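User: Please go through this model with me and set each label against its definition. I would like the reasoning as well as the values.

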Amino acid sequence: MQWWNDHRLAVIFLAGYLVLLAHHAWKGQRHVKSLSDYLVAGRQLGGWVVALSFYATFMSTNTFIGASGKSWDAGLIWCLGIFVYVGLCAVSWFVVAPRFVPLTREYESLTVSDFLGHHYQSMRLRRLAALVILVASIIYLVAIYRGSALALASFLDLNYELCVLLVFLVVTSYTLAGGFQSVVLTDALQGSLMVVGAVGMLIGLIIKGGGLGNMLEQVQLQDPKLVAWEGNMTLINVLGLALAVGIKYVVEPRQLSRFYGLKNKQALRTASWVAPLLITITYISLLPIGALAHAVISMDAIDKTDQVVPYLLGTTKIFGPFLSTLFLLVLVSAAMSSIDSVLLVAASAVDHDLLASGHPEGIQARVQGAVRRTRVWVVIISVVTMLISISPLQKDIVTLTSLSGSLYGACFLPALVVGLFWKRATAAASLVSCSVGSVTVIGWYLAKRWNYTDLHEIYVGLAVGLGTFLLLGWLKVGRPRKSD
């Protein structure tokens, strides 16, 4: 009874949220007649809903807790990452999408891996891309499962393991039922909550601190570097971390999969303006939170930067009971909006690409029962990542999540982005650059962990992957794209 009295408002909010998820799952299920319906909603979605889904898919607890709290140590120089995030988001929508979307229809492509396979007429590249996607997705899923379970545990004051199970049941269920359409509709709801929560977070903090000018003065008295251009983190590291995250806008399969659902050019034009605008508003609101929080939180109250937002919501109660509870729901929805998309991308990579036959008749044969098999893989991948997230292994795997953006950048930026516009690109150049880029990223990441270097792996991985691709393409190593 005491638990109910303490968490009644949270349970009511969560129940309403689950009812909406169930409605979206039911609505999506009604339209699933083929693999295209399940994976890309039959390419019939409008610009606003796709833009909100693109936004919500990228945002997660890593953004709302990790990125927003990072400026507690780094200072306001951390906010320079806004230019990287917004710039790369604009590149994704205004440069990549107009070329990528028509080709997906021409190739009748349903995934990023089969797009690359068709573009270069290379089944080996298609399978290699699918393998990279699967591995990176599992690593990322473990981290997001953990983040969402921790947010839910804080939301309802429940056991961590129980929360992992609850997240598994909810997210897996609506991903299974409606596929891409239910995921996108749910993302649109979650995205709306997130952008309101981000703006509300900054406004609430400024009101709590007595105004922005007063807060900046207090922060400067505590540590002048927090509001200075040099900051407590070097500019190259700030931009490197932002690049490793922001590059996902351009190359990450779960982001690019949103392009597949657009129904026409008007939807593309609408989404191209809405998505970057939402990204801009959110990062302007969130990235200064950590630094400004010094005006309302004592220095010795925080040990780690990811404690800043929970402390503001729980201890300082900047929103009050009602809005603080609503914002905790935002954190839960932010985590779930990342899990569903990655599950669908990873499952389709396995069945549609990794296990695909190189012969046309083999590919045609696998179309039969494709939706059922993809759903099976959704369950398998979700179960595996859920189990890892409650095992001792998760502590090590979570530390690897910074690799995902660097891997995608080094592997897919050359073949997927540059290859869209460069006629000299070949399948061999794509294969080699993808392989060499991924090995370089992993090797440099390990060297950094062993304190041999401080340079972020995204710089080296992109340089090696892109350099290899351009060199081999210029030399025309391998056959042209029309044959492999």
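Analyst: The turns below take the whole chain, then the cores, then single residues.

Analyst: This is a predicted model, in which local features need pLDDT of at least 70 and side-chain atom pairs count only at pLDDT 80 or more, while totals for chains, interfaces and linings use all residues. Residues are numbered from 1 along each chain as its sequence is written, and side-chain values use heavy atoms, with hydrogens and water left out.

User: How many helices and strands does the protein have?

Analyst: The protein has 22 helices and zero strands. Both are DSSP runs numbered from the N terminus: H or I over at least four residues for a helix, E over at least two for a strand.

User: Why is the protein called as compact as a globular protein of its length?

Analyst: The radius of gyration is 22 Å, and the globule rule gives 23 Å for 484 residues; the two values are close, so the protein is as compact as a globular protein of that length. The radius is taken over C-alpha atoms, and the rule is 2.2 Å times the number of residues to the power 0.38. Along the principal axes, the C-alpha atoms fill a box of roughly 65 × 50 × 45 Å.

User: What share of contacts joins residues at least 24 apart in the protein?

Analyst: Contact means heavy atoms within 4.5 Å. Among contacts between residues at least 6 apart in sequence, 85% join residues at least 24 apart.

User: What is known about the surface and the charges of the protein?

Analyst: The protein exposes about 19,600 Å², of which carbon and sulfur atoms supply 66%. These areas come from the Shrake-Rupley method with a 1.4 Å probe; for residues, only the protein chains shown count as cover. There are 35 positive and 24 negative side chains, with the centres of the two sets 12 Å apart. Lys and Arg count as positive and Asp and Glu as negative, with His and the chain ends not counted. Each charge is placed at NZ of Lys, CZ of Arg, CG of Asp or CD of Glu.

User: What makes a nonpolar core, and which residues have the most contacts inside the largest one?

Analyst: A nonpolar core is a set of buried Ala, Val, Leu, Ile, Met, Phe, Trp, Tyr and Cys residues joined through side-chain atoms within 4.5 Å. Buried means under 20% relative accessible area, exposed over 50%, and partly exposed in between (1.4 Å probe, protein chains only). Of the 484 residues, 58% count as buried. The largest core has 158 residues, and Phe64, Trp93, Tyr249 and Phe412 have the most contacts inside it. Helix H8 (residues 160–208) gives the largest share of this core, 18 residues. Apart from it lies another core of five residues, among them Leu403, Leu407, Ala410 and Val441.

User: Which residues does Tyr249 contact, leaving aside neighbours within four places in sequence?

Analyst: The contacts of Tyr249 include Phe54, Phe58, Met59, Tyr85, Leu88, Ile279 and Tyr283.

User: Is Ser406 buried or exposed?

Analyst: Ser406 has a relative accessible area of 0%, so it is buried under the 20% cut-off. Ser406 is found in helix H20 (residues 402–421). Beyond four places in sequence, Ser406 touches Ala244, Val441, His456, Glu457 and Ile458.

User: Why does Asp157 count as exposed?

Analyst: Its relative accessibility is 55%, over the 50% limit, so Asp157 counts as exposed. Asp157 lies in the loop between helix H7 (123–156) and H8. Not counting residues up to four places away in sequence, Asp157 touches Trp3, His7 and Leu152.

User: What is notable about phi in Glu108 and Gln121?

Analyst: Most residues other than glycine have a negative phi. Phi of Glu108 is near 55°, and phi of Gln121 is about 50°; both are positive, and neither residue is a glycine. Glu108 is in the loop between helix H5 (81–107) and helix H6 (112–120), and Gln121 is in the loop between H6 and H7.

User: Why do Glu108 and Gln121 get separate accessibility labels?

Analyst: Glu108 stands at 65%, over 50%, so it counts as exposed. Gln121 has 41%, between 20% and 50%, so it is partly exposed.

User: How do you know that Leu292 is buried?

Analyst: Leu292, in helix H14, has 4% relative accessibility, under 20%, so it counts as buried. Its contacts beyond four places in sequence include Leu202, Leu205 and Leu212.
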